[in-house]
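Welcome, and please open your viewer. We will go from one selection to the next, with a short note on what to look for at each stop.

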Amino acid sequence: MDDDQALADHAPEGLLLVGADGRIRRANLAAGRLLGRAPAALQGARLDDLREVVAGAPPGAERWRCADRELDVRPGEVPGGGRALALREATAPDAEELRRCERIVSATPDHISVVDRAYVYRTVNEAYLLAHGRRREEIVGKRVAALLGEEFFERVVRPRLDACLSGEIVQYTAWFEFAAVGRRFMSVTYYPFRDAAGQVAGAVVSARNETELHRTQQELREKEEQLLHAQKLEAIGRLAGGVAHDFNNLLTVIMGYAEVLLRRPPADPLAREMLEEIQAASERASSLTAQLLTFSRKQVVQPRPLDLDGVVSDMHRLLRRVIGDDVVLETCHAAGGRVLADRGQLEQVLLNLAVNARDAMPGGGRLTIETGRVTVGPDEAATLGLAGPGPHVTLSVSDTGEGMDEATRARIFEPFFTTKEQGKGTGLGLSTVYGIVRQSRGAIDVRSAPGAGATFRILLPAAPAGPADAAPGRGAAPRRGSETILLVEDDPTVRRLLEQVLATAGYTVLAAADAAQALALARGHPARIHLLLTDLVMPRLGGRALARRLAVERPDLAVLLMSGHAEEDGLDTPAAGFIQKPVRLEQLLEKVREALEPA
């Protein structure tokens with residue numbers, strides 16, 4: 001026995017020297033004891049005849065099952081070829097701990113796999129097998145690319161696996177297609193694991209199914225975008241409403257003085273023609289501000305119970321002329337029912353959508369208008385921004401035109417946004433539609449794609465059944481009067497104009513610039529004041545609050561409110577009439593008589 005053999009026999013671990021042919025050349029006493037043979041009997045034996053390689057080895061080692069025991073084996077190279085193997089018994093506590101860990105890993109719903117540096121699966125858990133619909137022997141020992149596909153492995157997995165094998169913890173998310181469970185959105189993490197020498201021996205890959213979380217987050221992002229878009233439109237609407245309010249005051253003055261001058265005997269035909277042009281331009285400007293007010297939901301409306309099918313039928317002839325002969329118009333009534341809305345505004349919605357559809361079909365096409373009834377649930381009501389769930393009436397306007405992409409669809413309700421050539425559109429048509437629908441407590445959505453036409457679907461709360469509301473008739477010609485009127489208007493140019501017109505018509509006018517001055521004038525005027533004619537929106541104290549204060553002292557006082565737009569709480573003053581700015585002088589005098597001589 002040489003010195004090396006004697007030294008090996010005293011080692012606590014089993015030592016084997018195995019040749020390149022797989023046969024044992026030397027074995028120490030500990031190896032003989034672990035393998036159940038004398039060391040001399042082991043010499044020349046084939047190693048594969050003595051062992052069965054099993055799973056569960058610690059990093060950098062192999063686990064053998066030999067007879068009735070399991071061994072942990074660490075290999076090493078020797079000069080001249082072959083291997084030196086160090087054997088030690090896998091102690092019972094280690095084996096039990098390993099089995100406990102295996103049960104924990106198998107119980108987790110996450111997909112767990114262990115991959116070595118050769119991209120070969122060393123082990124996988126039960127969740128991994130179930131997702132791929134494979135047996136363990138079909139995966140363990142096979143290359144990752146064989147299971148996931150060469151293209152996906154090279155493009156997605158290998159770059160991240162290589163980063164992990166260099167010592168990094170790698171995280172990413174991606175959609176995966178699994179054979180057994182289909183498409184899943186997975187959150188994947190690669191953890192490097194190291195051998196006893198501290199070298200990276202492979203990667204532990206944990207993949208968690210986050211499909212529902214991803215969908216929920218996506219829905220939240222979409223709702224956030226909808227909210228931001230609604231807030232953007234609301235901000236634009238407030239700006240538009242403010243501009244329109246101020247502009248209506250200017251138009252009242254321009255139109256009013258032009259009307260006064262036109263009532264005088266014509267001294268210069270050219271001057272009269274110019275005045276008529278000023279008045280016509282002012283009327284067009286008034287129409288523009290009305291559209292801005294509609295978008296901002298500040299337009300004064302007169303909602304009445306309306307049969308939506310009847311409104312569509314009455315508009316058929318006008319729409320037929322508007323869209324032209326190369327567009328086929330179809331209407332489909334499905335007992336749409338009644339809504340509480342302003343008839344003129346609904347007609348404006350139909351007209352604007354028809355014009356928009358016509359422009360989207362320059363080569364002709366088909367325009368379809370449908371009505372119907374639906375019951376909206378709480379979730380859909382919240383998504384659409386409706387006031388609440390319940391029965392709703394639908395109005396759908398579809399065309400076979402060019403359609404639009406997502407970017408255009410996201411902006412179509414913004415005022416002044418247009419895809420038409422310069423000079424061929426104001427960009428207010430669809431924003432007006434949006435404003436009318438929202439002011440009517442409804443919602444509008446759009447479905448469209450390039451080349452697939454567009455469908456605008458409007459939902460309005462259904463009105464209870466009842467008799468149709470008759471359209472208001474035209475009043476008698478305005479008459480003069482001699483009553484006393486308290487005029488309150490914070491814009492000095494408008495105030496001077498109205499004071500002159502009323503005084504010319506025979507009225508006694510007490511003019512005030514604000515509510516405080518009006519209260520002082522009323523208290524200092526001992527005689528009767530017949531009518532309060534006041535702007536609705538004023539600094540500090542508005543027209544509604546002023547009317548209520550004066551009603552305490554003068555209960556027989558009639559009230560006529562004016563405004564360029566309607567505040568949400570501004571028209572609930574009892575027995576108050578209303579006149580929309582810009583004020584037409586003939587209309588003003590008619591309204592004054594109506595307020596002083598109620599039916």
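Begin by selecting Asp491, which sits in the loop between β19 (484–488) and α15 (492–504). Keep in mind that you are looking at a predicted model. Is Asp491 buried or exposed? Asp491 counts as buried, because its relative accessibility is 18% and the cut-off for buried is under 20%. Now show the side chain of Thr493: the side chain of Asp491 makes a polar contact with it, at 2.5 Å. Add Val494 as well, and look for its backbone nitrogen, 3.3 Å from a polar atom of the Asp491 side chain.

**Next stop: a mixed sheet**

Select β13, β15, β16, β18 and β17, in that order, to walk across an open sheet of 5 strands with mixed pairing. Which strands stand at the edges? They are β13 (327–332) and β17 (443–448); each has a single partner strand, so one side of each is left without a neighbour in the sheet. From one strand to the next, the twist averages 20°.

Zoom in on β13 and its partner β15 (residues 365–376): the two run parallel and are joined over 6 bridges. To see one bridge, pick Cys332, whose partner in β15 is Glu370. Then bring in helix α10 (residues 308–323), which packs on the sheet and touches β13, β15 and β16 (390–399). The direction of α10 makes about 175° with that of β13.

**A helix across the sheet**

Select α11 (residues 343–360) next. This helix lies across β15, β16 and β18 (454–461), and runs at about 170° to β18. How many residues does α11 have? It has 18, and from first C-alpha to last it reaches 26 Å, close to the 26 Å expected at 1.5 Å a residue. Colour the buried residues of α11 if you like; among them are Leu346, Val349, Leu350, Leu353 and Ala357. Gln345 and Asn352 are also buried.

**On to the antiparallel sheet**

Move to another open sheet of 5 strands, this one with antiparallel pairing, and follow the order β8-β7-β11-β10-β9. At its edges are β8 (121–124) and β9 (170–178), each of which pairs on one side only. Here the twist averages 25° from one strand to the next.

Inside this sheet, highlight β10 (residues 182–194) and β11 (residues 200–209), which run antiparallel and are joined by 9 bridges. One place to look is Arg194, whose bridge partner in β11 is Val200. Now add helix α7 (residues 150–165): α7 lies across β7 (111–116), β9, β10 and β11, and its angle to β9 is about 150°.

**Last stop: aromatic rings**

How many aromatic pairs are there to find? The count comes to 7. Select Trp175 and Phe185 for an edge-to-face pair, with 5.2 Å centre to centre and 65° between the planes. Trp175 belongs to strand β9 and Phe185 to strand β10, 10 residues apart. Trp175 is partly exposed, at 29% relative accessible area, while Phe185 counts as buried, at 10%.

Then show Phe176 and Phe178, a stacked pair with 6.1 Å centre to centre and 20° between the planes. Both of these residues are buried. Finally, add Phe152 to the view: Phe152, Phe176 and Phe178 form one aromatic cluster.

Note on methods:
Residues are numbered from 1 along each chain as its sequence is written. This is a predicted model: local features need pLDDT of at least 70, side-chain atom pairs count only at pLDDT 80 or more; totals for chains, interfaces and linings use all residues. Side-chain values use heavy atoms; hydrogens and water are left out. Two strands pair if DSSP finds at least two bridges between them. Helices (H or I, at least four residues) and strands (E, at least two) are DSSP runs, numbered from the N terminus. Axes are lines fitted to C-alpha atoms, for helices over the stretch in contact, and angles run from 0 to 180 degrees between N-to-C directions. Contact means heavy atoms within 4.5 Å. Buried means under 20% relative accessible area, exposed over 50%, partly exposed in between (1.4 Å probe, protein chains only). A polar contact is a pair of N or O atoms within 3.5 Å; within protein, one must be able to donate a hydrogen and the other to accept it, and residues adjacent in sequence count only if both atoms are side-chain atoms. The expected span of a helix is 1.5 Å times one less than its number of residues. Rings of Phe, Tyr and Trp (its six-membered ring) pair if their centres lie within 6.5 Å; planes under 30 degrees apart count as stacked, over 60 as edge-to-face and the rest as tilted.
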